[in-house]
Amino acid sequence: MSKARLLIVEDDNDIATMLRLYFASQGYEVDIAGRGSEALEKTRQSMPHLIILDIMLPDFDGFEVCRTLRTHTRTSHVPIIFLTQKDERSDKLQGLELGADDYITKPFDIEELKLRVQRAISRAEQQSLTDPRSGLPSGRLIEEQLRRIIQSDGWAFMDVRINAFSAFTEVYGFVAGDDVLRFTAMLLNEVVNQLGTPEDFIGHVGGSNFILITAQERAEAIRKTLKERFAQEVLAHYNFLDREQGYLLVTDDSGRTVKVPLMTLAVGMISPKDHTFADIREITELAAEARRVDAMT
């Protein structure tokens, strides 16, 4: 499994540094934000698996950060643990009412905090809320979004798959494959940040399949930019020789050595402008068919 990403929102440099060093030594990928606004920006840029959130921050408090994250579709699922000097019952209740997953007060036992972090991330994965490699919403959260949009207009749904991903993992291994999945998740976030809205939704269905829900009028620009950037930036995951020759050599089922092209994105896009849908399965079936057509062009 890839490293779980933690975002620590703490304005006390000593505590932030201590937490970063400790959790990095435990195998986590750790990022630090000293202000609430910085935490929101970092979350939009790269989705963390969990946020450790101080309440007292220089610009606005942790409650407001939590409220904003829970309001936006793309960040509403991220587990949050409040970390604060306040130990009054009202503060705990306010944090939990806003949707925080847990609450721990300073001074704290670092081993206890580690166990709470592990438990919150495991719970999210076991409930099929997030994919462990990308940190993106999966399973039940994707279904909830599909049930939401089928009752509305003006949306576009994209089925996104990485072409030639299996050949890449066959040659480079599953760790390199997980890196490509994380890169793809970050690229989706970056492009939606640039061209979409905070209400857009990005999910990881599983394997090399992702989905994206956005406003119909923004969809084509997002689709075009995604495909172009992926084709350019994924080259960094290949060695020099493979980049230069533009293909991989792999052995097929009959034992022959064959050429497989480098990875690209296939994106199938549908919207209620062109179709009517009786249930959410029709949305995914039509989008998958559109994606297969895109993969052949």
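**View 1. Gly206 of strand E7 has Asn209 as its bridge partner in E8.** The model shown here and in the views below is predicted. E7 spans residues 201–206, and E8 spans residues 209–215. The two strands run antiparallel and are joined by 5 bridges.

**View 2. An open antiparallel sheet is built from 4 strands.** The strand order is E7-E8-E6-E11. Which strands stand at the edges? They are E7 and E11. Each has a single partner strand, so one side of each is left without a neighbour in the sheet. Direction ignored, neighbouring strands are turned by 25 degrees against each other on average.

**View 3. Helix H8 lies across three strands of the antiparallel sheet, E6, E7 and E8.** The helix covers residues 174–195. Its direction is at about 5 degrees to E8.

**View 4. The largest nonpolar core holds 33 residues.** Ile162, Phe210, Leu212, Leu226, Phe230 and Met263 have the most contacts inside this core. Several elements give two or more residues to the core. Among them are the strands E6 (155–163), E8, E9 (247–251) and E11 (264–270). Helices H7 (165–172), H8 and H9 (216–233) also belong to that list. Which element gives the largest share? H8 does, with 9 residues.

**View 5. Leu226 is among the residues with the most contacts inside the largest core.** Residues up to four places away in sequence are not counted here. On that basis, Leu226 touches Leu187, Leu188 and Val191. Leu212 and Leu265 are touched as well. Leu212 is itself listed with the most-contacting residues of the core.

**View 6. A second core, separate from the largest one, has 21 residues.** Its members include Tyr28, Val30, Ile32 and Leu83. Strand E2 covers residues 29–33. Strand E4 covers residues 80–84.

**View 7. An open parallel sheet is built from 5 strands.** The order is E2-E1-E3-E4-E5. E2 and E5 (102–105) are the edge strands, and each pairs on one side only. From one strand to the next, the twist averages 20 degrees.

**View 8. Strand E4 pairs with E3 and with E5.** E3 and E4 run parallel, joined by 4 bridges. E4 and E5 also pair in the parallel sense, over 4 bridges. Ile52 has Ile81 of E4 as its bridge partner. Ile81 in turn stands opposite Asp102 in E5. Phe82 has Tyr103 of E5 as its bridge partner.

**View 9. E4 is covered on both faces.** How many of its 5 residues are buried? The count is 5 of 5. In a regular strand, side chains alternate between the two faces of the sheet. Ile80, Phe82 and Thr84 are buried on one side of E4. Ile81 and Leu83 are buried on the other.

**View 10. Helices H2 and H3 lie across strands of the parallel sheet.** H2 (residues 36–45) lies across E1 (5–9), E2 and E3 (50–54). H2 runs at about 145 degrees to E2. H3 (residues 62–71) lies across E3 and E4. At what angle does H3 run to E4? The value is about 175 degrees. E3, H3 and E4 together make a right-handed β-α-β unit.

Conventions:
Residues are numbered from 1 along each chain as its sequence is written. This is a predicted model: local features need pLDDT of at least 70, side-chain atom pairs count only at pLDDT 80 or more; totals for chains, interfaces and linings use all residues. Side-chain values use heavy atoms; hydrogens and water are left out. Two strands pair if DSSP finds at least two bridges between them. Axes are lines fitted to C-alpha atoms, for helices over the stretch in contact, and angles run from 0 to 180 degrees between N-to-C directions. Contact means heavy atoms within 4.5 Å. A nonpolar core is a set of buried Ala, Val, Leu, Ile, Met, Phe, Trp, Tyr and Cys residues joined through side-chain atoms within 4.5 Å. Buried means under 20% relative accessible area, exposed over 50%, partly exposed in between (1.4 Å probe, protein chains only). A crossover is right-handed if, with the strands pointing away from the viewer, the path from the first strand over the helix to the second runs clockwise.
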